[in-house]
Amino acid sequence: MRRWTIACALLLPLALAGCNEKQVAKIPPPHRMTAEDIGHYCGMNVLEHPGPKGQIFVASLMEPVWFSSARDTLAFTQLPDEPKDILAIYVSDMAKAPSWDKPGSDNWVEARKALFVIESRVKSGMGGDEAVPFSDRAAAEKFAGENGGRIVGFGDVPRDYVLTSANINSGAASEATGGSSSDRSGRSP
């Protein structure tokens, strides 16, 4: 009987580890972007804006949180008042986008695996600085060569780049700095 108890005690941690692996495997896949998807910060339809979009799945919410720009998606992960029980972060894969104006409704890359071109001349759909996401380094290098900027990974996008801007027009940056979001000029193709 004692051997059985010891064996069970030794096997219990392995069984629980298996449960944790099953929880990790339940990462939700990205949703297809539709006309019903509204940007979290701007309150507008995400399809109305050019450039990369984002969606974040939070354990405490039933539906993904949508963003009109990849930069706003990153800001959500850094702002202290936003939920932190994030399951998945997806951004438009601009390596597979048909164009800047139509980034695609179902070409997503997990943001933590993406490369971002920051500090380029290209502006977000709301007119602010953008963190342009790519799944492919060659595509990111080509974009940076044509539009300026530098390539960084998810964890290397500077916090001040995401939360502030010389041309603050995005909702998240405005919320973080107390500004407003009304000017839509300054867009680049």
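Here is a walk through this structure, from the whole chain down to a few single residues.

Let's start with how far to trust it. What you see is a predicted model, and its pLDDT averages 82 over the protein. Of the residues, 74% score at least 70. One stretch deserves some care: over residues 166-189 the pLDDT stays under 50. The model still gives that stretch 56 contacts beyond four places in sequence. Where pLDDT is low, though, the predicted coordinates should not be read in detail. So take your time with the rest, and go lightly over residues 166-189, where pLDDT stays under 50.

Now for the overall picture. The protein has 189 residues, and 45% of them count as buried. Its secondary structure comes to five helices and seven strands. If you follow the chain along the sequence, the pattern reads α-β-β-α-β-β-β-β-α-β-α-α. How much of the contact network links residues that sit 24 or more positions apart? Counting contacts in the protein with a separation of 6 or more, such pairs account for 61%. As for the outside, the accessible surface comes to about 10000 Å², and carbon and sulfur atoms hold 56% of that.

A good place to zoom in is strand E1, which covers residues 54-58. Is it covered or open? Mostly covered, as five of its five residues are buried. The residues alternate in direction: Gly-54, Ile-56 and Val-58 point one way, while Gln-55 and Phe-57 point the other way. Both groups are buried.

E1 also has strands to pair with. Strands of a sheet pair through backbone hydrogen bonds, either parallel or antiparallel. Strand E2, residues 65-67, runs antiparallel to E1 and is joined to it by three bridges. Together E1 and E2 make a hairpin, with six residues between them. Strand E3, residues 86-92, runs antiparallel to E1 too, and here five bridges make the join. Gly-54 is a handy residue for seeing both pairings. Its bridge partner in E2 is Phe-67, and in E3 its bridge partner is Val-91.

From E3 you can step across to strand E4, residues 108-110, which is where Glu-110 sits. Setting aside residues up to four places away in sequence, Glu-110 touches Ala-88, Ile-89 and Tyr-90. Those three lie within the 86-92 range of E3. Is Glu-110 buried or exposed? It has 16% relative accessibility, and because the cut-off for buried is under 20%, it counts as buried. The side chain of Glu-110 also has a polar atom 2.7 Å from the backbone nitrogen of Arg-112.

Further along the chain there is another sheet to explore. Three strands form it, in the order E6-E5-E7, and the sheet is open with antiparallel pairing. Strand E6 (132-134) and E7 stand at the edges, and each has a single partner strand, so one side of each is left without a neighbour in the sheet. From one strand to the next, the twist averages 35 degrees.

Strand E5, residues 115-118, is joined to E7 by four antiparallel bridges. With E6, E5 pairs over three bridges, again in the antiparallel sense. Val-117 shows both sides of this arrangement: its bridge partner in E6 is Val-132, and in E7 it is Ile-151. Elsewhere on E5, Leu-115 stands opposite Gly-153 in E7. The E5 residues alternate as well, with Leu-115 and Val-117 pointing one way and Phe-116 and Ile-118 the other way. All of these are buried.

Finish the walk on E7, residues 150-153, at Arg-150. What does its relative accessibility make it? At 38%, Arg-150 counts as partly exposed, because that value falls between the 20% limit for buried and the 50% limit for exposed. Leaving aside neighbours within four places in sequence, Arg-150 is in contact with Phe-116, Val-117, Ile-118, Glu-119 and Pro-158. With one of them, Glu-119, the contact is polar: the two side chains are joined at 3.0 Å. You can also look from Arg-150 towards Ala-131, 19 residues away along the chain. The C-alpha atoms of these two are separated by 9.9 Å.

Key
Residues numbered from 1 in each chain as written. Predicted model: local features only at pLDDT ≥ 70, side-chain atom pairs only at ≥ 80, totals over all residues. Heavy atoms only, no water. Helix = DSSP H or I, 4+ residues; strand = E, 2+ residues; numbered from the N terminus. Buried < 20%, exposed > 50% of the residue type's maximum accessible area, 1.4 Å probe, protein only. Polar contact = N/O pair within 3.5 Å; in protein donor to acceptor, adjacent residues only side chain to side chain. Contact = heavy atoms within 4.5 Å. pLDDT = per-residue confidence, 0-100. Pairing = 2+ DSSP bridges. Areas by Shrake-Rupley, 256 points an atom, 1.4 Å probe, with all protein chains shown as cover. Axes fitted to C-alpha atoms, helices over the stretch in contact; angles between N-to-C directions.
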